Amino acid sequence: MLSSEQSSTLTTPSDSCVMAAFAFSALVTPSKKFSMEHLQNATLAGGVAVGACADMMLTPGGSLAIGSLAGILSVCGFQYIQPCLLKKLKIHDSCGVNNLHGMPGLFGGLLSVLMAGIASSDSYDKFSQGMEDKSLTEIFPALAEGGTASGQALSQLLAIIVTLAFAIVGGLVTGLLMLMVGKMERMEGEDFYNDDWNIDEIEAKDEVSEDLKVLMEDMRNVKFNGQPVTVSEKSALLA
């Protein structure tokens, strides 16, 4: 069962992120209205940002700040950084992955470095006096073996660097392979958005099945109050 502290850590970033994303979306859009792209994505950034330090002593106030900053960061990514990447570097982030997962995730990782660096028994073991298991060493096992908070912070930072290295190298290799495939297939312009290139026999998948055709024909023969009924593929599937 979650304690009130853990519940606050998990729920407060999400709540504050939603409020910040709504407010900042209306602030930065030219029409001063909410952008659905922002609301569908940036409202989740708080949960992403708190992931690396969710088991650390954030406090409800810290969780609130993290969620708000993550929501604002994600909205700025969609509004400013994504168009800049497309214009300057020709990087097409079609799903806004960098804005929702990349930047808030990196933000959360850096927060974990900070939280590990300031971790102390005074804040973690306040309510575990006289108990064999201590919260501090449960979260940071290296501290039980003579490690220091600064050493744990360094470990968190090195983990971020290694993760970024894997992500960057993996992304570059994948992009290079896709570029080679595009040249081999001689894809140009709209071909990159044509699923016929990527999905085998997509035309056959789009065809209406014989059973559905029979059902549609039967429904066309039905009259409602003496009037013929208009039937589409969607209405036939819902029938």
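This report describes the fold, aromatic pairs, surface patch, largest pocket and some single residues of a predicted model.

The model is predicted, so local features need pLDDT of at least 70 and side-chain atom pairs count only at pLDDT 80 or more, while totals for chains, interfaces and linings use all residues. Residues are numbered from 1 along each chain as its sequence is written, and side-chain values use heavy atoms, with hydrogens and water left out.

**Overall fold**

The protein contains eleven helices and two strands. Helices (H or I, at least four residues) and strands (E, at least two) are DSSP runs, numbered from the N terminus. Their order along the sequence is α-α-α-α-α-α-α-α-α-α-β-β-α. The protein has 239 residues, of which 29% count as buried. Buried means under 20% relative accessible area, exposed means over 50%, and partly exposed lies in between (1.4 Å probe, protein chains only).

**Aromatic pairs**

The structure holds two aromatic pairs. Rings of Phe, Tyr and Trp (its six-membered ring) pair if their centres lie within 6.5 Å; planes under 30 degrees apart count as stacked, over 60 as edge-to-face and the rest as tilted. The ring centres of Phe22 and Phe34 are 5.0 Å apart and the planes stand at 80 degrees, so this pair is edge-to-face. Phe22 belongs to helix H1 (residues 4-28) and Phe34 to the loop between H1 and helix H2 (36-41), so the pair ties together parts that are twelve residues apart in sequence. Phe22 is partly exposed, at 31% relative accessible area, and Phe34 is also partly exposed, at 49%.

For Tyr124 and Phe140 the ring centres are 6.0 Å apart and the planes are at 70 degrees, so this pair is edge-to-face. Tyr124 lies in helix H6 (residues 121-124) and Phe140 in the loop between helix H7 (135-139) and H8, so parts that are 16 residues apart in sequence are tied together by the pair. Tyr124 is buried, with a relative accessible area of 6%, and Phe140 is buried at 2%.

**Nonpolar surface patch**

A nonpolar patch on the surface is formed by Leu106, Leu110, Leu154, Leu157, Leu158, Ile161, Leu164, Ile168 and Leu172, with about 810 Å² of accessible area together. Patches are made of residues with over 30% relative accessible area and no salt bridge: like charges are joined within 9 Å, and nonpolar side chains (Val, Leu, Ile, Met, Phe, Trp, Tyr) within 5 Å. A salt bridge is a side-chain nitrogen of Lys or Arg within 4 Å of a carboxyl oxygen of Asp or Glu. Accessible areas come from the Shrake-Rupley method with a 1.4 Å probe; for residues, only the protein chains shown count as cover.

Helices H5 (97-117) and H8 (149-185) each supply at least two residues of the patch. H8 provides the largest share, seven residues. Leu106 is located in H5 and is partly exposed, with a relative accessible area of 35%.

**Largest pocket**

The largest pocket has a volume of about 1,200 Å³. Its lining comprises 31 residues, and those closest to the pocket centre are Lys90, Ile91, His92, Asp93 and Gly175. Helix H4 (59-88), H5 and H8 are the elements that give two or more residues to this lining. The largest share, 13 residues, comes from H8.

On a 1 Å grid over the protein atoms alone, a pocket is an open set of points with protein on both sides within 12 Å along at least five of seven lines, where a 1.4 Å probe fits; lining residues have an atom within 4 Å of a point. Grid points are joined across faces, edges and corners, and a volume is the space filled by probe spheres set on the points.

**Single residues**

Most residues other than glycine have a negative phi. Two residues with positive phi are tabulated here.

| Residue | Phi | Location | Relative accessibility |
|---|---|---|---|
| Thr59 | about 70 degrees | helix H4 | 37%, partly exposed |
| Lys90 | about 60 degrees | loop between H4 and H5 | 68%, exposed |

Neither Thr59 nor Lys90 is a glycine. Lys90 is also among the residues closest to the centre of the largest pocket.

Ala21 lies in helix H1 and is buried, with a relative accessible area of 0%. Ala21 and Ala45 are 24 residues apart in sequence, with a C-alpha to C-alpha distance of 9.0 Å. Pro141 is in the loop between H7 and H8 and is partly exposed at 48% relative accessibility. Between the C-alpha atoms of Pro141 and Gln152, eleven residues apart along the chain, the separation is 9.6 Å.
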